[in-house]
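Here is a short tour of one protein model, going from a helix to its loops and then to the empty spaces. Keep the viewer open as you read.

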Amino acid sequence: MTERAPRSSLSLAQARRIAIAAQGLAKGKPAAPASSRAISKTFERLQLVQIDSVNVLSRSHYLPFFARLGNYDRAALDRLSQQHPRKMVEYWAHEASFIKPEHFADLLPWQRRNWFGDDSRAGIEERELARRVQQLLSSSNPLTSRQISHKLGDQSRAAQENWGWNWTPVKLVLERLFMSGQLSVAGRNEQFERRYTSVQRVYRQLPQSPAESQGALKRLIEASARAHGIGTVRCFADYFRLPVKAALSAVGELEQEGVLEAVQVAGWKAPLYLHREAAVPRISRGRALLSPFDSLVFERRRLLDLFGFHYRIGIYTPAEKRTHGYYVLPFLLGDRLVARTDLKADRLGRRLLVRTAFAEAEAPVETARELAAELQLMARWLQLDDVVVEPVGDLAGELAREVAQLN
């Protein structure tokens with residue numbers, strides 16, 4: 001059951017339930033495998049899903065759908081971004097993300113990815129290379145950067161100063177053209193490389209003129225607020241990585257129009273806004289393992305204010321400084337984040353490895369049992385045979401016993 005959100009004052013528990021419901025995490029997972037329609041509706045609710053190449057457990061964009069739907073067919077999700085009319089397209093948003101096609105034109109005026117360099121300063125050779133790349137892609141199937149380099153006869157090596165990125169001249173041109181909306185991405189190959197193509201082949205309808213920047217910002221902030229349910233200007237801006245000062249004026253306009261309402265939440269000191277369509281479940285039945293790139297945990301300050309949960313992803317932390325592991329997933333139970341666990345898919349051994357398991361302060365007594373059930377569900381979804389709990393973390397022993405009872 002849900003209730004109309006109070007007009008001016010909310011408890012912190014109500015705010016948590018609003019945020020969880022807005023993200024599609026307040027209800028239990030369906031018993032049967034999720035339909036393509038359910039997958040599509042989940043993406044509609046989230047507005048965007050972050051993409052990341054780390055595959056220690058699963059590609060990151062698959063995990064938010066498992067958190068909300070449980071067992072589902074990843075091929076059905078792939079079809080949303082590969083078959084016309086596409087319901088998901090790749091572009092820069094929070095980071096590299098799948099977005100709704102209608103957000104593309106609105107995001108274009110707000111892209112400031114400085115690591116690509118300033119396109120206006122490109123030399124004659126680089127502009128000529130960009131022309132050749134576009135000409136090639138206008139008459140070919142989608143191609144990766146390596147394939148394009150081969151077809152154009154470019155044997156340049158990646159620049160060494162760009163650690164972790166394959167910055168050949170062709171790659172640099174491709175990323176600039178992609179960011180500026182002159183090229184698009186048709187999908188990724190098995191090595192997770194982008195397959196570039198012309199924009200016209202991805203978007204059935206392209207705007208006749210560039211989106212007016214302030215109107216675009218307002219639409220994006222409204223979409224972000226809808227996905228949040230409740231939040232600060234910083235929360236709303238961070239979702240699509242928009243400038244906070246500009247977002248403040250958009251929030252003001254949406255408040256004047258009645259789309260957003262200023263509210264107070266006990267214990268959350270920042271100015272807050274509630275979306276007019278936000279639901280307040282009287283109880284949250286969510287049970288979910290959240291990817292480090294899940295949209296519920298994007299904004300770390302929000303996570304601390306709302307859940308009292310201090311979270312840092314271990315991937316970018318030196319091993320000796322990690323406190324909870326490498327690929328650490330927060331565990332949502334009801335309306336609280338009650339534990340965290342470092343997971344790895346051992347595909348060769350067909351095992352889901354629980355490298356660490358830690359309970360949060362005041363975690364309920366059923367935490368280990370519920371986490372064990374969620375891990376078993378995840379293992380089946382990943383087509384792994386066993387869950388193996390390693391003896392690291394204050395929850396590991398109890399969790400191992402609960403897992404053993406389920407086997």
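## Helix H4 and its buried face

A residue is called buried here when its relative accessible area is under 20%. Please keep in mind that this is a predicted model. With that cut-off, the buried residues of helix H4, which spans residues 74-82, are Ala76, Leu77, Leu80 and Ser81. Looking down the axis of H4, you will find these buried residues within an arc of 145°, so they line one face of the helix.

What do the buried residues of H4 pack against? Their partners are two helices, H2 and H3, and two strands, S5 (96-99) and S6 (183-188). The N-terminal end of H4 has a cap from aspartate 73, where a side-chain oxygen sits 3.0 Å from the backbone nitrogen of alanine 75. Beyond H4, in the loop that leads to strand S4 (89-92), comes proline 85. The peptide bond from histidine 84 to proline 85 is cis, with omega near -10°.

## Glutamine 47, a buried loop residue

Glutamine 47 belongs to the loop between H2 and strand S3 (48-50). Is glutamine 47 buried or exposed? Its relative accessibility is 3%, and because the cut-off for buried is under 20%, glutamine 47 counts as buried.

The side chain of glutamine 47 forms a polar contact of 2.9 Å with the side chain of histidine 103. Setting aside neighbours within four places in sequence, the residues in contact with glutamine 47 include Phe98, Ile99, Lys100, Ala223, Arg226 and Phe240. Ala227 and Tyr239 are also among those contacts, and both reappear below in the lining of the largest cavity. The backbone deserves a look too: phi of glutamine 47 is near 75°, a positive value in a residue other than glycine.

## Two loops at strand S15

Arginine 350 lies in the loop between strand S14 (336-346) and S15. Its phi is near 55°, again positive in a residue other than glycine. Arginine 350 is partly exposed, with a relative accessible area of 37%. As background, most residues other than glycine have a negative phi, and most peptide bonds are trans.

Glutamate 360 is found in the loop between strand S15 (351-359) and helix H13 (367-381). Glutamate 360 is buried, at a relative accessible area of 18%. Its side chain makes a polar contact of 3.0 Å with the side chain of arginine 340. Apart from neighbours within four places in sequence, glutamate 360 is in contact with Phe309, Leu337, Val338, Ala339 and Arg340.

## The cavity and a pocket

How many cavities of 30 Å³ or more does the structure hold? There is one. The largest cavity contains about 40 Å³ of space, and its lining is made of Gln23, Ala227, His228, Tyr239, Ser295, Leu296 and Arg302. By type, that lining divides into three nonpolar residues, three polar and one charged.

The second largest pocket offers about 840 Å³ of space. Its lining has 33 residues, and Ala21, Gly24, Leu25, Lys27 and Arg45 lie nearest the centre. Two or more lining residues come from each of helix H1 (12-22), helix H2 (36-46), helix H3 (63-69) and strand S11 (279-281). H2 gives the largest share, six residues. The lining of this pocket divides into 16 nonpolar, eight polar and nine charged residues.

Technical notes:
Residues numbered from 1 in each chain as written. Predicted model: local features only at pLDDT ≥ 70, side-chain atom pairs only at ≥ 80, totals over all residues. Heavy atoms only, no water. 1 Å grid on protein atoms, 1.4 Å probe; cavity = no way out; pocket = protein on both sides within 12 Å on 5 of 7 lines; lining within 4 Å. Points joined across faces, edges and corners; volume = space filled by probe spheres on them. Nonpolar A, V, L, I, M, F, W, Y, C, P; charged D, E, K, R; others polar. Helix = DSSP H or I, 4+ residues; strand = E, 2+ residues; numbered from the N terminus. Buried < 20%, exposed > 50% of the residue type's maximum accessible area, 1.4 Å probe, protein only. Arc of directions from axis to C-beta. Contact = heavy atoms within 4.5 Å. Polar contact = N/O pair within 3.5 Å; in protein donor to acceptor, adjacent residues only side chain to side chain.
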